[in-house]
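Reader: I am in my first year and would like to take a close look at a single part of a protein model, with the terms explained as they come up. Could you walk me through one sheet slowly, and then show me what lies elsewhere?

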Amino acid sequence: MSVEVHVDWHGRTHRVGTLHSADRGSAVTFEYGADWLASPGAFAVDPTNLPLRRGPHHAAQLFGVFQDCGPDRWGRVLIERAVRRQVLGSKPYREMDYVLALEDSSRIGALRFRSDPDGPFLTPGDGRIPPLVQLAALINAADAVHSETETARDLRFLLGSGSPIGGARPKSVVALPDGRLAIAKFPKPDDTRDMAAGEILAMALAAKAGIRVAEHRWIHSKGRSVSLISRFDRDGGRRIPFLSANTLLGLSPGDPGAYTQIADGIRQFGEDVRGDLHELWRRLVFSLLASNYDDHLRNHGFLMKSPDKWSLSPAYDLNPVPEIDRARTPKTALSEQHDTPSIEAALDAASRFGLRGPEAKTILREVAAAVVNWRKQARQLRIPSGSMAAYSSAFEHGLTDEAVRLGS
Ligand SMILES: Nc1ncnc2c1ncn2[C@@H]1O[C@H](COP(=O)(O)OP(=O)(O)OP(=O)(O)O)[C@@H](O)[C@H]1O
Ligand SMILES: [Mg+2]
């Protein structure tokens, strides 16, 4: 199977090349088109796995840039259920079939696909993104999936333009009243704490700690708690290219990686290298102090704002993990040498982020000052004390004391 690959750039769509997926096995080949290679503004859509050059690129697995705009665990559950309930005629077969099972209009990043040069961009549905007012119905449909009582209609709804973009949690893309896109992340019936309250609290604290975070809002729909995160890969009608850190570093899904490797990626491909290195170290310290253990390399992203330059996206998917759940969540290592999370190790590695000792200590103090005020922030967000209690061990722990001691 072959598809044309297009990229939206500054509001115009350009054909960049062709992707071929083998009929048997998972091998793929991508080749940039001669027109794209010859155009003065050409750039690589995935600089590590698909550098801009003539001739075919072969790989044993789908290139990271395409995986980044396909479904992850939640989307795969829906797609597989849809096959079981005969909503989809056949099970997607190749990795690229999963990517194409998602809607074009809500796809993450700026890539679009076409099988016929004169045909439309490939999309399974009608491209209409559910408005926020349909949130309760979307949550009901997701609940039905969790209890395995979903109908074909539920699956069509969830697999439609709401599109099960990446990630493991149940979610949908929704259109805000002003037309902008957002991601609504739903509760799961077996959640042991209010995940949306925790995520919004972490996002608010991160902003107070001086981190650039995605625009976020805590909302309720029929009493259910939902985090609403505005999409940063859209600017009005324009699409902005996105890559996960995993892809930028050329790693396979699930490779553990380390913060210092992301720093190396910034040095190689960054636009504001110094600014992003400092921002990344600030995020690293915040993740330690707010127990954001789910900081794997698909939870760090990059946006392309100038050709061939990749800038850290606003921070997203920040989740404080209470002590009881930490053993199950591996944390991204600070560096190749430092696997055990500690403030001392973070300070030790700061020079790899272009920071001198006093600069690092200033950032450490700023982040610690924001996180120690977590109860005040939670009260400002009107998080009930019962929900707050579940998070105390995420914000009050040995590393907080270490930060106060080493920051002074
Ligand atoms: N604000 C945003 N704008 C654009 N894309 C986003 C935004 N937030 C998240 N994404 C993309 O959507 C994916 C899924 O979102 P998110 O990480 O919040 O979901 P999740 O289900 O909590 O993920 P995980 O599997 O890490 O728990 C991200 O990996 C990222 O590619
Ligand atoms: Mg995530």
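Author: What follows is a walk along one sheet, strand by strand, and then a shorter look at some other places.

This is a predicted model, in which local features need pLDDT of at least 70 and side-chain atom pairs count only at pLDDT 80 or more, whereas totals for chains, interfaces and linings use all residues. Residues are numbered from 1 along each chain as its sequence is written, while chains are lettered from A and ligands numbered from 1 in the order in which they are written.

The part to study is an open sheet of five strands, which has the order β4-β3-β2-β1-β5 with antiparallel pairing. The strand names come from DSSP: strands are E runs of at least two residues and helices are H or I runs of at least four, numbered from the N terminus. Two strands count as paired if DSSP finds at least two bridges between them. In general, strands of a sheet pair through backbone hydrogen bonds, either parallel or antiparallel. At the edges stand β4 and β5 (111-114), each with a single partner strand, so one side of each is left without a neighbour in the sheet. On average, and with direction ignored, neighbouring strands of this sheet are turned by 30° against each other; axes here are lines fitted to C-alpha atoms, for helices over the stretch in contact, and angles run from 0 to 180 degrees between N-to-C directions.

Let us begin with strand β1 (residues 2-9), which is joined to β2 by eight bridges, the two running antiparallel. In this pairing W9 has R12 in β2 as its bridge partner. Strand β2 (residues 12-21) is in turn joined to β3 by five bridges, again antiparallel, and here G17 stands opposite Y32 in β3. Together β2 and β3 form a hairpin with six residues between them, and G25 in that turn has a positive phi of about 80°.

Which strand is largely enclosed by the rest of the structure? It is strand β3 (residues 28-32), because four of its five residues are buried. A residue is called buried if 20 or more other C-beta atoms lie within 10 Å of its own, exposed if 12 or fewer do, and partly exposed in between, with C-beta atoms placed from the backbone. From β3, four bridges lead to strand β4 (residues 56-59), which runs antiparallel to it, and F30 stands opposite H57 in β4.

At the other edge, F113 has its place in strand β5. F113 is partly exposed, with 19 other C-beta atoms within 10 Å. Although F113 and S2 are 111 residues apart along the chain, their C-alpha atoms are separated by 9.9 Å. Leaving aside neighbours within four places in sequence, F113 is in contact (C-beta atoms, placed from the backbone, within 7 Å) with V3, E4, V5, L100, F121 and L122.

A second sheet can be read in the manner just practised. Three strands form an open sheet in the order β12-β13-β14, with antiparallel pairing. Its edges are β12 (242-244) and β14 (309-312), each with a single partner strand, so one side of each is left without a neighbour in the sheet. The twist averages 40° from one strand to the next. Three bridges pair β12 with strand β13 (residues 301-306) in the antiparallel sense, and L243 stands opposite F302 in β13.

Helices can be described too. The axes of helix α3 (residues 73-84) and helix α6 (residues 152-159) come within 10 Å and cross at roughly 145°. Where they touch, L78, R81 and A82 in α3 meet L155, L158 and L159 in α6. By class, this contact has five nonpolar, no polar and one charged residues, where Ala, Val, Leu, Ile, Met, Phe, Trp, Tyr, Cys and Pro count as nonpolar, Asp, Glu, Lys and Arg as charged, and the others, Gly among them, as polar.

Finally, consider the backbone in two loops. Most residues other than glycine have a negative phi. K222, however, has a positive phi of about 50° although it is not a glycine; K222 lies in the loop between β8 (216-221) and β9 (224-230) and is exposed, with 9 other C-beta atoms within 10 Å. R382, also not a glycine, has a positive phi of about 65°, and R382 lies in the loop between α13 (374-380) and α14 (385-389).

Technical notes: Contact = placed C-beta atoms within 7 Å.
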